[in-house]
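Work through the exercises below with the model open. Try each task before reading its solution.

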Amino acid sequence: QVQLVESGGGSVQAGGSLRLSCAASGYTSSSKYMGWFRQAPGKEREGVAAIFTVLGSTYYADSVKGRFTISQDNAKNTVYLQMNRLKPEDTAIYYCAEGPGWMTRSQALGGLLYNYWGQGTQVTVSS
C-alpha cells in the first residue's frame, strides 16, 4: 500500500509563488508516474502536471505551462510542484497521485488510471 501526503498549500496573492510537496511511503514502484491534479469548487478535476520517475520526463497542462514546474527527489520519495505567477483561477484543492509507468501523456494528465491519491492541500490565490 502506498501513502501519499501533500503539504505546502496556503493563501497567496496573485503573482505569488507556492511549492507543494508530496511525500510517498509504503511500497512504491520505481517505474511510475507521479501526477499533480486540482479540483476547484463546481469544476471537474484537472490534470496539472506529471513526471515519469525513471526518466524525469514531464508533462504539463496548457493552463500552467511556463508557470508550474514538477520535480522529484528520489532519495526522499518526494515530488514537488513549484507554482509561480499564481492566478486566482489556480485556486483549488491540489492532489498528488501515483500511477503506472506505461501511461501515455493524455493518460498521465487524465488521472483515471492512477492507483493512489493523497488527501489534498488547499491553494487559494486572491486578486
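The exercises cover a disulfide, a salt-bridge network, a pocket and a surface patch.

The model is predicted: local features need pLDDT of at least 70, side-chain atom pairs count only at pLDDT 80 or more, and totals for chains, interfaces and linings use all residues. Residues are numbered from 1 along each chain as its sequence is written, and side-chain values use heavy atoms, with hydrogens and water left out.

**Exercise 1. Find the disulfide and place both of its cysteines.**

Step 1. Apply the cut-off: a disulfide is a pair of cysteine sulfur atoms within 2.5 Å. The whole structure yields 1 disulfide.

Step 2. Name the partners. Cysteine 22 is joined to cysteine 96, with S to S at 2.0 Å.

Step 3. Locate them. Cysteine 22 sits in strand 3 (residues 18-26) and cysteine 96 in strand 9 (residues 92-100). The pair links distant parts of the chain, 74 residues apart. Strands here are DSSP runs (E, at least two residues), as are helices (H or I, at least four), numbered from the N terminus.

Step 4. Get the hand. The angle about the S-S bond is 55 degrees, and the link is right-handed.

Step 5. Check burial. Buried means under 20% relative accessible area, exposed over 50%, and partly exposed in between (1.4 Å probe, protein chains only). Cysteine 22 has a relative accessible area of 0%, so cysteine 22 is buried. Cysteine 96 has 1%, so cysteine 96 is buried too.

**Exercise 2. Trace the salt-bridge network that runs through arginine 38.**

Step 1. Set the criterion: a side-chain nitrogen of Lys or Arg within 4 Å of a carboxyl oxygen of Asp or Glu. The structure holds 4 salt bridges.

Step 2. Start at arginine 38. Its side chain meets glutamate 46 at 2.8 Å, N to O. Arginine 38 counts as buried because its relative accessibility is 6%. Glutamate 46 is partly exposed, at 28%.

Step 3. Move to aspartate 90. Its salt bridge with arginine 38 measures 2.9 Å, N to O. Aspartate 90 lies in the loop between strand 8 and strand 9, arginine 38 in strand 4, and the two are 52 residues apart.

Step 4. Add arginine 67. Its side chain meets aspartate 90 at 2.7 Å, N to O. Arginine 67 lies in the loop between strand 6 (57-60) and strand 7, so this pair ties together parts that are 23 residues apart in sequence. Both residues are buried.

Step 5. Assemble. Arg38, Glu46, Arg67 and Asp90 are linked in a network of salt bridges.

**Exercise 3. Describe the lining of the largest pocket.**

Step 1. Count. The lining has 14 residues; Lys32, Thr53, Gln72, Asn74 and Asn77 lie nearest the centre.

Step 2. Assign elements. Strand 3, strand 4 (32-39), strand 7 (68-73) and strand 8 (78-83) each give two or more residues.

Step 3. Recall the method: on a 1 Å grid over the protein atoms alone, a pocket is an open set of points where a 1.4 Å probe fits, with protein on both sides within 12 Å along at least five of seven lines, and lining residues have an atom within 4 Å of a point.

**Exercise 4. Place leucine 113 and classify its exposure.**

Step 1. Leucine 113 is in the loop between helix 1 (105-110) and strand 10 (116-117).

Step 2. Its relative accessible area is 32%, so leucine 113 is partly exposed.
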